[in-house]
Structures are given as C-alpha cells and as structure tokens.
Amino acid sequence: MIADRRRLAVTVRGTVQGVGFRPFVYRLARAHKLSGWVRNSTGPVEIEVEGGEPELDGFLRELEAEAPPLAHVRTVDSSPIPLAGDTDFMIQQSRHRQDDFQPVAPDAATCEDCLKELFDPRDRRFRYPFINCTNCGPRFTVIEALPYDRPNTTMRHFTMCRDCQREYEDPLDRRFHAQPNACWACGPRLSISLEEAVAALQGGLVLALKGLGGYQLACDARSKSAVARLRQRKRRPSKPFAVMTTEPVASAEEWTALRSAARPVVLLGAQPGLAEGVAPGLAEHGVMLPYTPLHHLLMAEFGGPLVMTSGNLSEEPICRDDSEARERLGAIADVFLAHDRPIAARYDDSVVRVCGGATRVIRRARGLAPAPIELPLAPPLVATGAHLKATFTVARDGQAFVGPHVGDLDDLLTVRSYQESLAAYERMFHVLPTRVACDLHPDYASTRIAEGLAGEGEPLRVQHHHAHVASVIAEHGLHGATAGVALDGVGLGHDGTVWGGEILVCEGSLCRRVAHLEPVPLPGGDLCAREGWRMAAAYGLSEAPAGVDPARFEVIRRLAGSGQAPLTSSMGRFFDAVASLLGVCQVSTYEGEAAALLEAAADPGVTELIEVGLAENRRLFAALSSRRGEPVSRLAAVFHNSLVHAVVEACRATGIRQVALSGGCFQNRRLLESCLEALLAAGLRPYANEQVPANDGGLSLGQAWVASCV
Ligand code: ZN
Ligand code: ZN
Ligand code: FE
C-alpha cells in the first residue's frame, strides 16, 4: 500500500489570499482523499498533500481549474518530498516568510448568496449592512498588513460571536476564514438608522455615506434642486457625477462590466429620468450598481437613482476617517450615515467604459487596484507617475502593482495621501526598489518623491509620451518596434518644449520622435488648459469668440504672436482651440471638459473629412474657421474625422505595423474607435489601454516598463 503513495510539496502563487482559497484546497484535498495541510504565508499558499498517484493528479488539475471566483492562480509548483504518514488534512496557522509578498484580492461586490440572506427575513443577517463571505466583501480597504488574517485587518476591533466563530471555523461553511465575518450580534453598526438616511434623501438633502474605501456623497439623482445643491456645496460646477441605480440601460457587454466583482462606474449612453445637472452637456452617464450591503439596503428603501460621488471637496482626496469626514464634509452633507468599521486605505470608485471591443479602465481604484499586471522581467522598482491623476506603480518578480487613483498632486492633502499609499504598497509587497522611475518634468511633486526614493542615485526620467505608449506595450506584452501615437494634454518633451500630439517609435527603453503637430504658442502656460479661448488665439483666431472679453482676448493674441510664449504640439490644446472656435466651450471647469463637449457635439453620421497631415494642425484650424456658420455638429465631426485620417497616415509613414494608442485624448470614444477601425483597415495592428487608463493614471505603469527594460 505504502509503495504507491506519494507526498508533494505544492506552492501556489497568484491572487490566492482572501478569496476562500484555503477552504477550497481543504475541500479539494478531502474530496480526493488526501492527507496533509495547507497554509497562508506572506508569500505563496503552501500545501503538502499525500495520497495515491491518480488522486494527487486530480487534485493538482482541479487546483487551477476549479479555483474560487475571486482567485487568480498564476503558478503552481509541486515537488516530491518524503512521506509523513499523516491521516487527516488540516488548515495550518499562517506563516511569515521574510521578504516575500502576496498579491491581495481587491474588494468585491456583495455576492448573490449574501444578497439572498440580506433580504431573507428568516436569516440571522436579515438587513445586516455588513454581511459578507469569502466570495465577497471588503479586502484591501480593511487590510492593514499581510498575511490576510483578521488581526491584520480593521475587523480586529470586533470579536466574533459564537455563531460567527462557528462559521469561521467550519471548512464547509461559506464563511470559513472569511476575515470580515460579522453579524448583528458582534459586528460593525451604523451611526444612524437607515430610515433616517432615506428620509433625508427623499427630502432632497445631501447624505454623506461611509463606503468601502472612503466617504461618498449621495442625493436624489432625479431632483434638479438636490443635484444643484450638491454641486454648489462641493464647488463642482459641471464635472459629471456618477449615479447608482439598479436599472441601468446598457448593452450586454456593458452589463458584464457593471456586474463584475469590481462593480465600477461604467460610462453608458444617456440614462432616462436623471436631472440635467448630473452630467451637463454630455451624451454619457457614469453608472454603477450597488456594491455593498449598505448600498443594496439604501437603494431598496429609496427606490430610485442616487447621485453617488466621492466624499471630498473639489479635487481633494476622498475622506476616510470619521473625524476628517465630519470636518471636511460638514458643510456639504446634511446627514451622515457612518459606521464603526475603520477604513484601512482610501479607494475611490473605479471608472471604465466599453469601447472599441474592450472594457477600458479610465480610473483604476476600488475593486481593480492592486490586481497585478504582468511585466517581463521586473526588478524591484517604483515608478511615480506624473502630476495629474497621479498613480504610482511598484513592481517586483515580473509583476506590477499599480496604486489606486488619488487625484492631482496639486495640494498637500493629495500628496500626503499618495505618499501614505505608496509606503503601504512598498511595505505590503516588500518592495525595496533598486530602480526608481519618474517623469522628465523636474517640478512635479511625483518627480521630487522619486528623487527622494532614489537617495544617492538618480531616478530614470522617462519622457511623458514615451511612458504613455509604453503603458500599452506593457499591458499587451508587445515585442519589437512599436509606432506609438500619444494624443494628450501636455508633457515635457526631450527638446524642452511642451509635447502632446506625437508619433514615437519605441523599442525597448529607446524612443524616437518621428512626427508631431506643428508647435503653436501656449499663451499663459497651464492657464491654457482652463481657458481654451487662449488656444484659439494661439491658432490665429482674430476676434474674441462670444463670451470672451475682447480686451483680454487681444492681450492674449499679442502674447501668442510675441514669440515669448512657450511652444506646444499638444493635441489636447488643439481640441481646446477648436472647441473655442466653434463656440462649444470657452472655459473648462474640469480637465478635458472642452474636448468632452466637442465630442458630444459631433454628429455621428457625418463622414466628411479634410485631408491634412498631422503637422498641418494650423491648416485644419484655418479650414474649420473659414467654414464657421455651418452647423457646429458637422464641423465638430469633420474635425474628428480629419484627425483620424492624419493619425493613420502618420502611422503608415513609420513603416511599422504594430501601433500603440495612448494619452488622455483617447478617452474620446469617437477618436479611439475610429482610429482603431481605420488602422485595422489600413492593415496595421493597433493596441490601446485596457487595464490602466490612457490618461496620466496609466503613466506609472509605462515608466515601470521602461525602467524594467534598461
Ligand atoms: Zn458573499
Ligand atoms: Zn456574529
Ligand atoms: Fe499625459
């Protein structure tokens, strides 16, 4: 008998903690009549199994194939070891391994099983706002240290009652080792009753709601006055608000994105029944389904769509601590719906869009970060991103962990939040960087942070648009020469001018600029991104557009012609100029507003284009200018079509088939979809961002990729 028994030591790497992996291994081993044990470590999940050859084979096969829904198995290694002769299979204590690390599952939306219990009057967790199990619930927003065990989470403040403890210890229970397990008797509680919160919302008031990764602000999305009140108090005049609803109008692909465990905000076509002020002037609404039990209860009681936006003032980081929230949101919210489960880390809602045949991330945060992205050969490194929509990336052992969106590094609060989050990632994944990468711009806060991390050494300074293109190369694992199309706001170029409409040829860590928009003056520097009419002046518009003070316009027109203003080849600023020319937008109140409005204005049915090269941006502007008086919807469409044509011709001219599209302008659905289509039709192979944003939120991944190639 003993002769055909074998014992294997098995290590499983991947996202295998906090996803019910050990109980799964336990059940699997028992089903195959194997003895041995399984345990978590700060590194891989470690298993020893002993039994007959066919049983061991079956076990190994199903270990990957049958893994729980939130698990992602990356590698399974097994090697024979001496028999131990044990008779049972056990789950052992977690073990701390020096210097190893473990990907952590991101937070996951309440699962179907928990939902059933939540609304079942006979269940002991009926209407309990913190119900969860190993297949759902908070993860990274409650984890303070690894390994993922209850004492390392903010749930350590709550001692499980006997019923919860029994579930926690029963390997056949759905809550076996579910670290945030809790119930009415032992778990977190709300600060006020749900009824009070719902009454406030019904009365048109603003509710501050303690969510998973921070506070959210909610109000009735159908009420014009409630939305207006929130806008005014939050000092956010027109940037679109996300909406939480149980009945979105969406395509099958969009429903898949809406229902995914990350439950992101999905940008959908305009939804019926919402107040105009939710997304002024735009043809899209950002929509999400409820993703916590508290959301489900709130939505069921309220019975309609709610604006659900980050709990912050303007561009500050999302509020996390209760006292911080009371202080900073006190003047915005009428009522606070809080609870006593602390939030370990800030995670805003993620934003995605289904576009050009893929789900593309626009903001990567809750539910998506820190799921790893594979990089070929990544030594331990840190990349610090840019200035707007800053994210960092830490990488080691061929895996990159892109940190969550924290916002623009303009104010001290955001910089602090970024640093706090970066330190947590370095600690959690045991990254002692041997390389540090940052943007070429010397004045970004992220550059200074990188200089600090590099200590005696120098960080690798990666040109902004090179990093954009590299983010696509990294995501898709592209090899060899790539033609990069970076259509973007602004980034410092190798020649000291401001770039942003570039064709680059990238290979390994090298990058060559082969074509670009003709540089135009940037009269007023950064102010041009806000006051788009300045760019119209730079492009040669001779008279002030309606709504712009003629005297100021004249001053800026002279400045543009003086040779004193810096120069830019930015595509984002070209959009601003055309939006101003066509009277679509003169002043943007949020980044990219003019471009978003210009996209929304463009008639989808118009196919006409003006044949210009990429460097003939001035000619295109003049041509559109001479046709003023024609419908704006037509001219806006002609502008988009002409750009697509210019991009395809510029790519063709490189002689390289593999094309990477990135940069903030590719958040424009029409531009991205038309470019992908036209490049394919031209026989080229286009790629664009999916897992990380095309905007500066994806930049740190590109920097990390370049640094790993050096
Ligand atoms: Zn569940
Ligand atoms: Zn309990
Ligand atoms: Fe950029």
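Mentor: Axes are lines fitted to C-alpha atoms, for helices over the stretch in contact, and angles run from 0 to 180 degrees between N-to-C directions. The structure under discussion is a predicted model.

Trainee: Are helices α16 and α19 roughly parallel or roughly antiparallel to each other?

Mentor: Helix α16 (residues 571–581) packs against α19 at an angle of about 155 degrees, and their axes are 11 Å apart. Angles over 145 degrees count as roughly antiparallel. The orientation of α16 and α19 is therefore roughly antiparallel.

Trainee: Which residues of α19 make the contact with α16?

Mentor: The crossing of α16 and α19 is right-handed. From α16, the contact is made by Met571, Phe574, Phe575 and Val578. On the side of α19, the residues are Phe639, His640 and Leu643.

Trainee: Which helix gives the most residues to the largest nonpolar core?

Mentor: The largest nonpolar core holds 67 residues, and Phe574 and Leu661 touch the most other members. With 12 residues, the helix that gives the most to this core is α19 (residues 632–654).

Trainee: Which residues does Leu661 touch, leaving aside those up to four places away in sequence?

Mentor: Leu661 is one of the two residues that touch the most other members of the largest core. With residues up to four places away in sequence left out, Leu661 touches Val472, Val485, Phe666, Leu672, Cys675, Leu676, Leu679, Tyr687, Ala688 and Asn689.

Trainee: Which strands are the edge strands of the open sheet of 6 strands?

Mentor: The order in this sheet is β15-β18-β17-β16-β19-β20, with mixed pairing. An edge strand here pairs on one side only. The edge strands are β15 (373–374) and β20 (460–462).

Trainee: Which residue of β18 stands opposite Ile373?

Mentor: β15 pairs with strand β18 (residues 399–402) in the antiparallel sense, over 2 bridges. Opposite Ile373 in β18 stands Ala400.

Trainee: At about what angle does helix α10 run to β17?

Mentor: Helix α10 (residues 412–428) lies across β16 (381–383), β17 (393–396) and β18. Relative to β17, the angle of α10 is about 10 degrees.

Trainee: Which residue in the turn between β22 and β23 has a positive phi?

Mentor: Strand β22 (residues 498–507) and strand β23 (residues 510–516) run antiparallel and are joined by 6 bridges. Glu507 has Leu510 in β23 as its bridge partner. The two strands form a hairpin with 2 residues between them, and the turn residue with a positive phi, of about 55 degrees, is Gly508.

Terms used
Residues numbered from 1 in each chain as written. Chains lettered and ligands numbered in written order. Predicted model: local features only at pLDDT ≥ 70, side-chain atom pairs only at ≥ 80, totals over all residues. Heavy atoms only, no water. Pairing = 2+ DSSP bridges. Helix = DSSP H or I, 4+ residues; strand = E, 2+ residues; numbered from the N terminus. Core = buried A, V, L, I, M, F, W, Y, C linked by side-chain atoms within 4.5 Å. Buried < 20%, exposed > 50% of the residue type's maximum accessible area, 1.4 Å probe, protein only. Contact = heavy atoms within 4.5 Å. Parallel < 35°, antiparallel > 145°, perpendicular 65-115°, else oblique. Left-handed = near helix turned anticlockwise from the far one by under 90°.
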